[in-house]
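Colleague: I would like a close look at a single part of this model. Please take me through it step by step.

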Amino acid sequence: MIRILYVWQLPVRLTHWINAICVVVLSVTGIYIGHPFISAGATADFLMGWTRFIHYSFAYLFTFSVLARVIWFVIGNEWASWRMFFPWKSRKGRKNALDFFRYYTFTGSRIPYEVGHNALASMAYAAIFTLFIVQIVSGFALYGQYAPGGFWDSILGPVVTLVGNQTLRLTHHLVMWLLAGFVINHIYSAWLMDMKEMNGTMSSIFGGYKYIDQEEL
Amino acid sequence: MKEEQSSETVVLSEDILQRWEARGVSRRDFIKFCTGVTATLALPISFIPKVAEAIEDNRVPVIWMEFQGCTGDSEALLRANQPTVAEIILDRLSIEYHETIMAAAGHLAEESKHQAMETYRGKYIAVVEGSIPAGDGGVYCTVAGESALNIVRKVCGNAAATIAVGNCATFGGIPAAAPNPTGAISVQKAVPGATVLNLPGCPLNTDNLTATIVHFLTFGKLPATDRLGRPLFAYGKRIHDNCERRSHFDAGQYAEAFGDEGHRKGFCLYKLGCKGPETFHNCPTIRYNEGTSWPVMAGHGCIGCAEPGFWDTMSPFYRRLPQVPGFGVEVTADQLGVGLAVGTAVAFGAHGVVSAFRKGHAFKSDKLVQKDKEE
């Protein structure tokens with residue numbers, strides 16, 4: 001018997017799409033800041049200035065969005081909970097992760113059926129949220145240098161001293177590319193599971209509903 | 001001298017001005033010096049008479065030591081071609097011991113150092129130029145049979161304060177760059193208990209040293225510092241944020257190569273690897289060699305010489321980012337990133353093609369769908 005389940009609550013969907021937009025905008029503006037591929041014609045232009053303004057504005061938006069999602073890890077429903085990040089702690093989770101890995105590598109044919117994120121995806125998201133934090137910390141630490149003694153410098157300045165200014169910049173660049181790789185993987189996997197699971201994975205991130213057959217669980 | 005000091009009327013004592021004239025420094029030069037140093041220290045101009053009095057009445061003995069360095073900081077100190085106030089203060093009035101410029105040599109030189117240490121115990125300022133090799137018991141640099149490590153511990157340990165000048169003394173500099181064969185360390189690491197003020201730069205800017213000593217004379221203490229022990233008056237702002245080419249950066253106008261049109265027009269040197277956005281120093285405001293010029297003004301990007309480990313961390317000097325560890329010199333982070341993104345897309349694309357033709361579902365619901373299709 002197939003039931004329609006409300007899986008992704010509004011904050012989950014909202015932060016998902018804000019994050020998605022932010023990752024795209026921050027990546028494009030970030031690439032320009034790192035390597036200004038368009039040159040301005042006149043000194044009166046403000047190309048880099050506006051690009052940096054957009055980058056920092058979306059950085060704040062992204063930070064608040066990630067923070068909101070982190071709060072929802074605690075107060076959200078069971079599929080939004082932080083508990084999903086540790087599937088390897090339960091026997092079922094370990095089995096599901098292995099089955100999924102085997103499905104992806106063409107060594108097994110069974111897709112473990114789950115309502116929320118599958119075990120392998122959950123682990124990937126744990127890594128992605130770690131990378132989000134790395135980007136936020138490294139980004140605001142670098143940003144804070146414009147005002148020594150200011151808010152960001154006071155709380156994140158020691159990170160620059162500890163890691164090193166240039167290493168921090170390199171990290172900020174490399175993590176951006178890792179996130180770009182993730183976005184490709186994420187869209188592909190969503191499409192694949194939409195096709196193979198046939199439970200409305202793709203539309204669920206817009207509306208929040210999935211078609212779940214309880215007997216399959 | 002007038003008691004009230006408003007921002008309009010700052011009066012220097014006639015006696016002081018006449019005494020400096022007797023030393024061969026014109027009143028104009030002296031007033032310029034006092035004003036300049038007060039501005040460098042970011043003090044209000046009402047402090048100008050206090051500065052003038054402080055450098056008149058007080059005299060701080062200085063012991064200048066050099067270890068693993070190129071004497072570039074001493075050269076910076078001696079760069080003036082005519083006696084200026086700064087030179088008189090630093091060189092003729094206070095410096096008790098300085099191997100490069102002192103007349104004495106050998107035992108006599110050693111004698112004068114020991115004498116200064118004894119006479120001014122706990123009162124003198126130790127200035128250190130060059131890094132201290134700590135490897136193999138400090139055998140790589142010895143003066144008069146004693147290792148640099150022992151000397152620096154002894155001299156800095158008995159000083160009122162220590163000023164480390166140049167990147168070598170402050171952060172290890174070029175001698176400490178990988179693979180650091182002599183185990184070179186900074187003064188702060190060599191003498192952990194001492195009060196050390198760091199004045200990095202390659203070389204340091206003598207104006208900052210003069211200002212530091214004037215601060216010490218005026219207030220009896222070293223100026224406030226940042227996280228790395230550098231005085232805030234000189235290292236409190238990024239080069240990038242005070243740069244004369246900053247408007248070109250914000251506009252989006254960059255020199256793409258040395259000698260190209262943008263470079264000739266004075267555009268921003270960001271794409272030529274300028275490390276101004278990574279470096280804290282007051283170069284754009286005080287410049288070098290009596291305010292003549294500084295690297296970015298001369299058309300070369302900053303190499304970050306006031307930052308820790310600049311030889312390793314700021315290189316390649318003509319690129320924005322360091323190379324990715326484990327990859328060749330020619331591979332940049334962004335080339336690697338594009339490769340990663342394209343590789344991911346190709347891999348998942350291929351996976352998708354295979355998956356599209358794949359059979360073997362285990363769900364009951366799938367079978368229902370199959371049934372529907374058949375019907």
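Where does H5(A) bend, and by about how many degrees?

Modeller: Bear in mind that this is a predicted model. H5(A) bends at A:Gly157, by about 45°. A proline follows within four residues: A:Pro158.

Now the length. Helix H5 of chain A covers residues 151–163, which is 13 residues. At 1.5 Å a residue, a span of 18 Å is expected. The end C-alpha atoms lie 19 Å apart, so the two values agree.

Next, burial. The buried residues of H5(A) are A:Trp152, A:Asp153, A:Leu156, A:Gly157 and A:Val160. A:Gly157, the site of the bend, is thus on the buried list. The cover over these buried residues includes three helices of chain A: H2 (47–75), H4 (119–143) and H6 (165–197).

Then the end of the helix. Just after H5(A) comes A:Gly164, with a positive phi of about 100°.

One covering helix leads further. Helix H2 of chain A spans 47–75. A:Arg52 belongs to a network of salt bridges. Its partners in that network are B:Arg238, B:Asp241, B:Arg246 and B:Asp250. Over all chains, the structure holds 18 salt bridges.

For contrast in setting, take two pairs in chain B. B:Lys113 and B:Glu110 meet in a salt bridge, 3.6 Å from N to O. Both residues are buried. They sit 3 residues apart in helix H6 (residues 106–119) of chain B, so about one helical turn separates them. B:Arg27 and B:Glu14 also form a salt bridge, at 2.3 Å from N to O. This pair links helix H2 (residues 27–40) and helix H1 (residues 14–22) of chain B. B:Arg27 has 29% relative accessibility, so it counts as partly exposed.

Key:
Residues are numbered from 1 along each chain as its sequence is written. Chains are lettered from A and ligands numbered from 1 in the order in which they are written. This is a predicted model: local features need pLDDT of at least 70, side-chain atom pairs count only at pLDDT 80 or more; totals for chains, interfaces and linings use all residues. Side-chain values use heavy atoms; hydrogens and water are left out. Helices (H or I, at least four residues) and strands (E, at least two) are DSSP runs, numbered from the N terminus. The expected span of a helix is 1.5 Å times one less than its number of residues. The bend at a residue is the angle between axes fitted to the seven residues ending there and the seven starting there. Buried means under 20% relative accessible area, exposed over 50%, partly exposed in between (1.4 Å probe, protein chains only). Contact means heavy atoms within 4.5 Å. A salt bridge is a side-chain nitrogen of Lys or Arg within 4 Å of a carboxyl oxygen of Asp or Glu.
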